[in-house]
Each structure stands twice: as structure tokens, then as C-alpha cells.
Amino acid sequence: MNKKQILVKSTLLSLIIASTGLTFAATSADNEMYIEHAPIYVERASKPITIDGKMTEAQWDKAKWLPINNLLLGEQPSKADFTGDYKLLWDQDYLYLLARIVDDVLFDKEPDPTKAYWDDDCLEIFIDEDNSGGGHLYNFNAFAYHLALDTQVADIAPKKNGGIPAVFNDHVINRWQRGSANVNGEGGPEQQAIYWEAAIKLYSADYVHRLKEPETHRVLNQQGKKLGFMLAYCDNDGSDYRESFIGSHPIKPINGDKNLGYKTADVFGEIILK
């Protein structure tokens, strides 16, 4: 089974669902079918995006909105509680992300960006620079950047006997602002959309955290480059732990567990820079 496929049962031989970008392909055993997520092709930005959370650049118009709608952990949120989608662009220096998030309660209980950051509201960007897949919990084969509401960026950094949370603010420039109206076109203090922009640097698996020359292992973008990618949002309305974890790509559970992205890049999707 391909690392980015989810096994489903069906008697159909082939089916394409254009609206979701899912392709079904038949196998030779028991008429079992796999859902393979088609690569996401990302348009090139003609000039750098200003990271201000305002979505003012006309360049964003050429990128499609893609959903964040796959429950990976916790309770299925109602539309009033959470909805999200995103766009991508790129240039030589950055992968650009624009996320549109509607969250009825913004919650950030822990001021230390390295403590239980996954239990606060945060946007999580998963990046595998060479699309190689594989484990990354205690190495930099891939990154799982958690963007907090105060825009600090956290992930696990390797340590001799495992890993330890660390700050990676220089890897992802990000800022968010509320829009003037919510996604249904209605104003008001509740459910106004957050527009969260980010400029993401890419680093190879050889990256060393807190190296004196931090750009040593940086990788620049080029046309045709393939990246492993996934996006997710941690939603907490005031509990001790996050209540929902919603991703851009579905994940086949292992022993009932779909919360796998922070450990392995095998569950990421694929993007291709046009």
C-alpha cells in the first residue's frame, strides 16, 4: 500500500472525485480500493508576499482554497465551533501559506511556547522538504511546526536520548488578523475569520538546531520540486486539553490512532511547485 493511501472497500473499478482531489484505483485482491490523494500543484508568486494577515495581494487570487476538514483526534467540531481552509504559493525563498480559520473561542493558556503547545489553539504546518517520508519525531527528516496565537513557532528538537520541545521562530514568519466579516458574510465579534499568513523556510534533514550558521542547511525552492505537506488546527475552547484536531488530509489509523503526523511524514500529502 502506498504511504499516502487509505484502504476502503468497494466494488467499483475506478472513480474520480474531482471536487475533493481523491482518486480511487482498483487492486487485485478482494476488489479492495485505495483512495490516493492527488498532488497539490502550487502556483508561483510573482513577487514576495507581505506577511501581515491581511490577504491584500492579488496573487492569492490564483491559488485555490483547500479544506481543513478531516478529524484526526477528539470531537468532531460543529461549523459554529470551527471551520478552516487554506491556500499555498511559493517563490525561491519561501513556501507561502494563507489559512482562513473560523474559531468561536481563541484559547492560549500556556505562555511558554515549549509547554503543551498542542493543547492551545494553534496552526500546525507539516513539511517534508524532500518528500521522502519516514519518521521525524527525534530528527529533522521532517518538521511539525506549531504556530501559536502569539505567532511563536515550536517543534521537537533532537536530543541525545529522544527529543525536547524547542522554538523555531526563524523558520516560519507568521501573523494573523481578523477579517472584517465572517465566512458567511456577517460581521460581529464572534466567528469572524482569522486570516493567518506564513512564509515557511525549507531545511534539509541535515539541519542542526541552534547552529551558529542557521542557514547552512536551508534549501531554496525551484519549479518541479516535490514536498511532503499537511496542515492541521488544534482547537481548544477552554479545556485542559485540546478538544479537536482537524487536518487537511485524512489519515489511515494505526490501532485506532490518527494522530500520526508529528511522528511520521508517511501520512503527509504531496505538493508540487509549478
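What share of the 274 residues in the protein is buried? I looked this up before anything else, and buried residues make up 48% of the 274. I call a residue buried under 20% relative accessible area, exposed over 50%, and partly exposed in between (1.4 Å probe, protein chains only).

**Ground rules.** I am working with a predicted model, where local features need pLDDT of at least 70 and side-chain atom pairs count only at pLDDT 80 or more, while totals for chains, interfaces and linings use all residues. I number residues from 1 along each chain as its sequence is written, and my side-chain values use heavy atoms, with hydrogens and water left out.

**Confidence.** I checked pLDDT, the predictor's confidence in each residue, from 0 to 100. The protein averages 86, and 82% of the residues score at least 70. Residues 1-35 have a pLDDT below 50, and I note that this stretch has 69 contacts in the model beyond near neighbours in sequence. A contact, for me, is heavy atoms within 4.5 Å.

**Overall fold.** I counted 20 strands and zero helices. Both are DSSP runs numbered from the N terminus: helices are H or I with at least four residues, strands are E with at least two. Taking contacts between residues at least 6 apart in sequence, I find that 62% join residues at least 24 apart. The accessible surface comes to about 13,300 Å², and carbon and sulfur atoms hold 50% of that. Such areas come from the Shrake-Rupley method with a 1.4 Å probe; for residues, only the protein chains shown count as cover.

**Aromatic rings.** I paired rings of Phe, Tyr and Trp (its six-membered ring) if their centres lie within 6.5 Å; planes under 30 degrees apart count as stacked, over 60 as edge-to-face and the rest as tilted. My count by this rule is 14 aromatic pairs. One of them is Phe140 with Phe143, which is stacked because the ring centres are 5.1 Å apart and the planes meet at 15°. Phe140 is buried at 5% relative accessible area, and Phe143 is buried too, at 2%. I then followed the cluster that these two belong to: Phe140, Phe143, Tyr145, Phe168, Tyr203 and Tyr207.

**Charges over rings.** My test here is NZ of Lys or CZ of Arg within 6 Å of the ring centre and within 35 degrees of the ring normal. Arg218 lies over the face of Tyr94, 5.3 Å from the ring centre. Arg242 lies over the face of Phe245, 4.5 Å from the ring centre.

**Asn259.** I met Arg242 and Phe245 again at this residue, since Asn259 is in contact with Leu72, Leu73, Arg242 and Phe245, leaving aside neighbours within four places in sequence. Asn259 sits in the loop between β19 (244-247) and β20 (269-273) and is buried at 13%.

**Asn236.** This one lies in the loop between β18 (226-235) and β19, and its relative accessible area is 0%, so I log Asn236 as buried. Its contacts, again without neighbours within four places, are Val105, Phe107, Asp119, Asp121, Tyr241, Arg242 and Glu243. I also noted that the C-alpha atoms of Asn236 and Asp120 are 6.0 Å apart, with their positions 116 residues apart along the chain.

**Cysteines.** How many disulfides does a search of the whole structure find? I got zero, taking a disulfide as a pair of cysteine sulfur atoms within 2.5 Å. The closest cysteine sulfur to that of Cys122 is in Cys234, 3.6 Å away, which is too far for a bond. Cys122 is buried at 2%, and Cys234 is buried at 0%.

**Val172.** I found Val172 in strand β14 (residues 172-178), buried at 1%. Beyond residues up to four places away, Val172 touches Ile125, Tyr145, Leu147, Val153, Ala198, Ala199 and Ile200. From Val172 to Ile125 I have 47 residues in sequence and 9.5 Å in space, C-alpha to C-alpha.

**Positive phi.** I looked at Met55, a residue other than glycine whose phi is positive, near 55°. Met55 is in the loop between β5 (40-44) and β6 (66-67) and is partly exposed at 29%. Asn131, not a glycine either, has a positive phi of about 55°. Its place is the loop between β10 (122-128) and β11 (143-148), and at 14% Asn131 counts as buried.
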